[in-house]
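Work through the exercises below with the coordinates open, and try each task before reading its solution.

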Amino acid sequence: MNCTPVIDYRLLVDSLTTAVLLVDDNLNIFYLNSSCEALFDISLLRASGMSALQLLETPNDIFNTKDALKKTLSQGQAYTRREAIINVNFNDIHVDYSVSQVQPSKNTEPFLIIELTPIERMLKITKDENLIQQHQVTRQLIRGVAHEIKNPLGGIRGATQLLARSLNDKKYNEFTDIIISEVDRLRVLADTMLGSRQLPSYVDVNIHEPLERVRSLVSNQTKKKVKIVRDYDLSLPSIKADRDQLIQVMLNVSINAVQAILENKNFFQDQETTPTLIFRTRIQRLVTINSVLHRSAVRIDIEDNGPGIPEDILESVFYPLVTKRANGTGLGLSIAQNIMHQHNGMIDCQSTVGKTTFSLYLPWES
Ligand SMILES: Nc1ncnc2c1ncn2[C@@H]1O[C@H](COP(=O)(O)OP(=O)(O)OP(=O)(O)O)[C@@H](O)[C@H]1O
Ligand SMILES: [Mg+2]
């Protein structure tokens, strides 16, 4: 027997990855689906009754959105706009969108259905995939090199100790001590390059708990020279994660921010701003990580108002050995990204002068 499933159309529209906006004959919004909520960072409750022009119009746009929407309403002729710019939380986002008229029956007023596709998301997915692939290759390379460095170190150390003993002359001790301490330094470096050998142990973690731990560590370290602002969404669900590894990720990113702040004191004097670190937590709808689209993820932003990441390393900042600091190994972010990948998550970074944000994404399925 052929049994057709009963379709819940609202659920269907809410499951689309295309953002859908329904607008009445006064151009007021009366429905938007989950993807549209995520795109405009606005809830259905807040958007209901709001003019669609508030979302679709941007200053300096020569295209007359109001006239075009009205025309489609009255004449029924659909249109598509390519590479339109919409503004969400002061950020410009490029989208393609199509507007069509729907008239359910002769006696009811027509309404508009607007379907939006962000262009950046497609570009970003390809960029992220490339980045993850390249990252895996370099990570293997680094581990291989670290192994090769580490192997002879035990032998060199042992032989030097024997040499020191057999020379039996204090004046040579200085040289053998140098060899031993440099060997020890290399061993620590090689261990860092190899990364943790412990398998992650996943437990339910409320991410505010490790975040608070990192906040107090950073606040002790900076001795109140850096203001730390907390902007938490306390309704976030727990996620399965390795708590200690999460602390390491948050710490690596926060320490970088603190270093960027403390090593550039003149920047804050010139700008007349207070060195500030923001810890922000949010739910993020529709995130693509390593080609997998997750409906929701926990997002942790660690933001500083320092001078920003130098432009020449901005694209490669997560690669191992990329550093601009005299004493840096350039491994902090690479290790952090690796841990996030093990958690099926990722770190993203946006940086301009005065605002650098590292966003940690950890998928969470309802
Ligand atoms: N918040 C930030 N502001 C400015 N620059 C940053 C920030 N975070 C990272 N960077 C830059 O990215 C580089 C790489 O960071 P990463 O943590 O991987 O290595 P590192 O800090 O140099 O060394 P390590 O962490 O191994 O001690 C840093 O040297 C710094 O130039
Ligand atoms: Mg670092």
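## Exercise 1: the surroundings of ligand 1

Task: state how many residues surround ligand 1 and which of them are the closest.

Solution. Ligand 1 is surrounded by 20 residues, the closest being N256, D304, T323, R325 and T329, where a residue is near a molecule if one of its heavy atoms lies within 4 Å of it. This is a predicted model, in which local features need pLDDT of at least 70 and side-chain atom pairs count only at pLDDT 80 or more, whereas totals for chains, interfaces and linings use all residues. Residues are numbered from 1 along each chain as its sequence is written, chains are lettered from A and ligands numbered from 1 in the order in which they are written, and side-chain values use heavy atoms, with hydrogens and water left out.

Next, take the polar distances one at a time, a polar contact being a pair of N or O atoms within 3.5 Å (within protein, one must be able to donate a hydrogen and the other to accept it, and residues adjacent in sequence count only if both atoms are side-chain atoms). An oxygen atom of ligand 1 is 2.8 Å from an N or O atom in the side chain of N256, and a nitrogen atom of ligand 1 is 2.9 Å from an N or O atom in the side chain of D304. For the side chain of T323, the distance from one of its N or O atoms to an oxygen atom of ligand 1 is 2.5 Å.

Then consider the cover: of the 600 Å² of accessible area that ligand 1 has on its own, the protein covers 89%, with areas from the Shrake-Rupley method and a 1.4 Å probe, and for residues only the protein chains shown counting as cover.

Finally, assign the shell to elements, where helices (H or I, at least four residues) and strands (E, at least two) are DSSP runs numbered from the N terminus. Two or more residues of the shell come from each of α9, α11 (332-342) and β12 (355-363), and α9 gives the most, with three residues.

## Exercise 2: two helices and their spans

Task: compare the expected span of α9 (residues 243-262) with the distance between its end C-alpha atoms, and repeat this for α7 (residues 170-194).

Solution. The expected span is 1.5 Å times one less than the number of residues. The 20 residues of α9 should therefore span 28 Å, and its end C-alpha atoms are indeed 28 Å apart. For the 25 residues of α7 the expected span is 36 Å, which agrees with the 36 Å between its end C-alpha atoms.

Now look at the ends and the buried positions. At the start of α9, a side-chain oxygen of D242 comes to within 3.1 Å of the backbone nitrogen of D244, while α7 is followed by G195, which has a positive phi near 80 degrees. Buried means under 20% relative accessible area, exposed over 50%, and partly exposed in between (1.4 Å probe, protein chains only). The buried residues of α9 include L246, V249, M250 and V253, and those of α7 include T176, I180 and V183. An α-helix has 3.6 residues a turn, so residues three or four places apart point the same way.

## Exercise 3: positive phi outside glycine

Task: where in the fold does L27 lie, and is L27 buried or exposed?

Solution. L27 is in the loop between β1 (19-23) and β2 (29-32), and it counts as buried because its relative accessibility is 2%. Its phi is near 65 degrees, a positive value in a residue other than glycine. L321, in the loop between β10 (292-304) and α11, also is not a glycine and has a positive phi of about 70 degrees. Most residues other than glycine have a negative phi.

## Exercise 4: burial and separation

Task: what is the C-alpha distance between V23 and P110, and what is it between T281 and K171?

Solution. V23 lies in strand β1 and is buried, with a relative accessible area of 0%; V23 and P110 are 87 residues apart in sequence and 9.4 Å apart in space. T281, in strand β9 (residues 276-289), counts as buried at 0% relative accessibility, and its C-alpha atom is separated by 59 Å from that of K171, 110 residues away along the chain.
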